[in-house]
Amino acid sequence: MDNERAFVDEVVIKVKAGDGGDGVISFRREKFVPKGGPDGGDGGKGGDVILVGSSEINTLVDLYFQKEYRAGRGEHGKGKNMKGKDGEDIEIKVPLGTVVYDDETGELIAEILQEGQKVVVARGGKGGRGNARFKSAKHQAPRIAEYGEKGEEKILRLELKLLADVGLIGLPSVGKSSILRKVSAAKPKVAPWPFTTKRPILGMVKLGDFSYIVADIPGIIEGASAGKGKGIDFLKHIQRCAVWVYVLGYEYFEGSLVDEYETLKREVESFKERFDIDRPRNELIVVNKIDLPDVEEKFEREKGMLKKMGEVIAISALNGDNIEFLKRRLAEHVKSVKERREFKEKSIVVMQLKPVDRRWKIYRNENLIVIEGEDVETLVDRTVFNTQDSLDRFKEILKRWGIIDELIKMGVKEGDTIVIGGMEFEWTGM
Ligand SMILES: Nc1nc2c(ncn2[C@@H]2O[C@H](COP(=O)(O)OP(=O)(O)OP(=O)(O)O)[C@@H](O)[C@H]2O)c(=O)[nH]1
Ligand SMILES: [Mg+2]
């Protein structure tokens, strides 16, 4: 596979955490002890699915080829109070700058920005408790055990946004790649025809003990935000950048530098409306190819106008004019934006675990009653209904949550069917 195709910046994957093992019902058997106490062990916890930030990779290509990940399930408990083994976690390496969304709800789950940063994206189910845990003064020999909880299952959309500090935005052939070659050790391809650059290229600029990363992206053309060309897709990579540089000076552009700037700006603005993460940022204008008489002429004429639009620096990536000054100014801008951002970045929530909400809804249609809610459904899933003790405990919990009272208030009567999470019960009174 060639390099261009190996750059994958968006994938959808399926993750399934391990189910918890079931708890068991078991009683001690000892010589000369006619009826031993309960000794059924708990099931093991299911493994988690974890994303781990790694600076060794810079594309999501591995996830493009493997789209499903399952962590190990917990083993069932055993007699003699033996707990089942926990299921194995699974760790998936992702590049720094990966943003993770729940593909079904669109919710932002996490941003992975640091080496070794771990985010649990699907939690393994808890192990079910064995009957040894249900022993009490009243119940010396409980015949209760729980099934393990199901592991979480999610469809995730991962997007890679490069962690550059400076992004170069410009029409094709304006000299963006030439600038990157000049300011850093990166060696992107440069050629006298448009669309030479096909994917983002990063280069590190070193200035004394300070360094920053510049991203060169494919050229933007008019109508790009409406889907023309490739460049606009890549704007999302530089949405995190502290500084955006509008590179002007394409010698064949039939218009003024101001027109060229406005063309770019229009595309960028309409793209911006779709941004999901907006941050403080500085922008500046760089006029390249100042060594060409045509460009220099335009610049002399429009200098005043351009300066009203922002900070302007004229350079030549060909002969190096003003390149050192550009490097210094970029460093200053990067530093100042980073200081402004620091406060904000600290408040990024890496993972929000939803607090358990004990909410439920009851629908009634004559003799049929349906109870919906994550908790009641989980409770039904985890309850082993083949013993009276378990059934009693189940009712006990419904009572505690106020569901029984609500049913009685609704006038539930003997023989009514109650459906919870796909399971049917018959109301026989409390
Ligand atoms: N005269 C002159 N030519 C330049 C300058 N900078 C770049 N060029 C030339 O302009 C052409 C395009 O340069 P690139 O750096 O490939 O331009 P780009 O903006 O990266 O182009 P795409 O990747 O196609 O978007 C090449 O022939 C460069 O040699 C400059 O400052 N002066
Ligand atoms: Mg280029």
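Is V11 buried or exposed? V11 is buried, since 21 other C-beta atoms lie within 10 Å and 20 or more are required for that class. The legends below describe close-up views of a predicted model.

**Figure 1. Overview of the predicted protein.** The model is a prediction. The protein has 430 residues, of which 39% count as buried. Its secondary structure consists of nine helices and 18 strands. Take the contacts between residues at least 6 apart in sequence: 72% of them join residues at least 24 apart.

**Figure 2. V11 and its contacts.** V11 belongs to strand 1, which covers residues 10-16. Leaving aside residues up to four places away in sequence, V11 touches L60, L63, Y64 and L158. The chain separates V11 from L156 by 145 residues, yet their C-alpha atoms are 8.2 Å apart. V11 is also one of the 20 residues of a second, separate nonpolar core, which includes I13, V94 and I109 as well.

**Figure 3. L158 and its contacts.** L158 is part of strand 8, residues 153-160. L158 counts as buried because 25 C-beta neighbours lie inside 10 Å, and 20 or more are required. Beyond residues up to four places away in sequence, the contacts of L158 are V11, I13, L60, L63, V94, T98 and V100. The C-alpha atoms of L158 and I13 are separated by 7.9 Å, although these positions lie 145 residues apart along the chain.

**Figure 4. The largest nonpolar core.** In soluble globular proteins, nonpolar side chains tend to be buried together. The largest nonpolar core here contains 46 residues, and those that touch the most other members are V166, L168, A215, V245, Y246, V247 and V287. Strand 12, residues 243-248, gives six residues to this core, the largest share. For V245, the contacts outside the span of four places in sequence are V166, G167, L168, I169, L284 and V286.

**Figure 5. The surroundings of ligand 1.** Ligand 1 is surrounded by 24 residues, and the closest are G175, S177, T197, G219 and L318. Helix 2, residues 176-183, contributes three residues to this shell, which is the largest share. Sorted by class, the shell around ligand 1 has eleven nonpolar, ten polar and three charged residues.

**Figure 6. The packing of helix 4 on helix 5.** Helix 4 spans residues 257-272 and helix 5 spans residues 293-309. These two helices pack at an angle of about 45°, and their axes are 9 Å apart. Helix 4 is therefore oblique to helix 5. On the helix 4 side, the residues in the contact are L257, V258 and Y261. On the helix 5 side, they are K298, F299, E302, M305, L306 and M309. By class, the residues of the contact of helix 4 with helix 5 are seven nonpolar, no polar and two charged.

**Figure 7. F195, a residue with positive phi.** F195 is not a glycine, but its phi is positive, at about 60°. F195 sits in the loop between helix 2 and strand 10 (201-207). F195 is partly exposed because it has 14 other C-beta atoms within 10 Å, a count between the limit of 12 or fewer for exposed and 20 or more for buried.

**Figure 8. N322, a residue with positive phi.** Phi of N322 is near 65°, again a positive value in a residue other than glycine. The loop that holds N322 runs between strand 14 (312-314) and helix 6 (323-345). With 18 other C-beta atoms within 10 Å, N322 is partly exposed.

**Figure 9. F27 in a loop.** F27 lies in the loop between strand 1 and strand 2 (49-54). F27 is partly exposed, with 15 other C-beta atoms within 10 Å. F27 and K80 are 53 residues apart along the chain, and their C-alpha atoms are separated by 7.9 Å.

How values were computed:
Residues numbered from 1 in each chain as written. Chains lettered and ligands numbered in written order. Predicted model: local features only at pLDDT ≥ 70, side-chain atom pairs only at ≥ 80, totals over all residues. Core = buried A, V, L, I, M, F, W, Y, C linked by C-beta atoms within 7 Å. Helix = DSSP H or I, 4+ residues; strand = E, 2+ residues; numbered from the N terminus. Contact = placed C-beta atoms within 7 Å. Near = placed C-beta within 6 Å. Nonpolar A, V, L, I, M, F, W, Y, C, P; charged D, E, K, R; others polar. Axes fitted to C-alpha atoms, helices over the stretch in contact; angles between N-to-C directions. Parallel < 35°, antiparallel > 145°, perpendicular 65-115°, else oblique.
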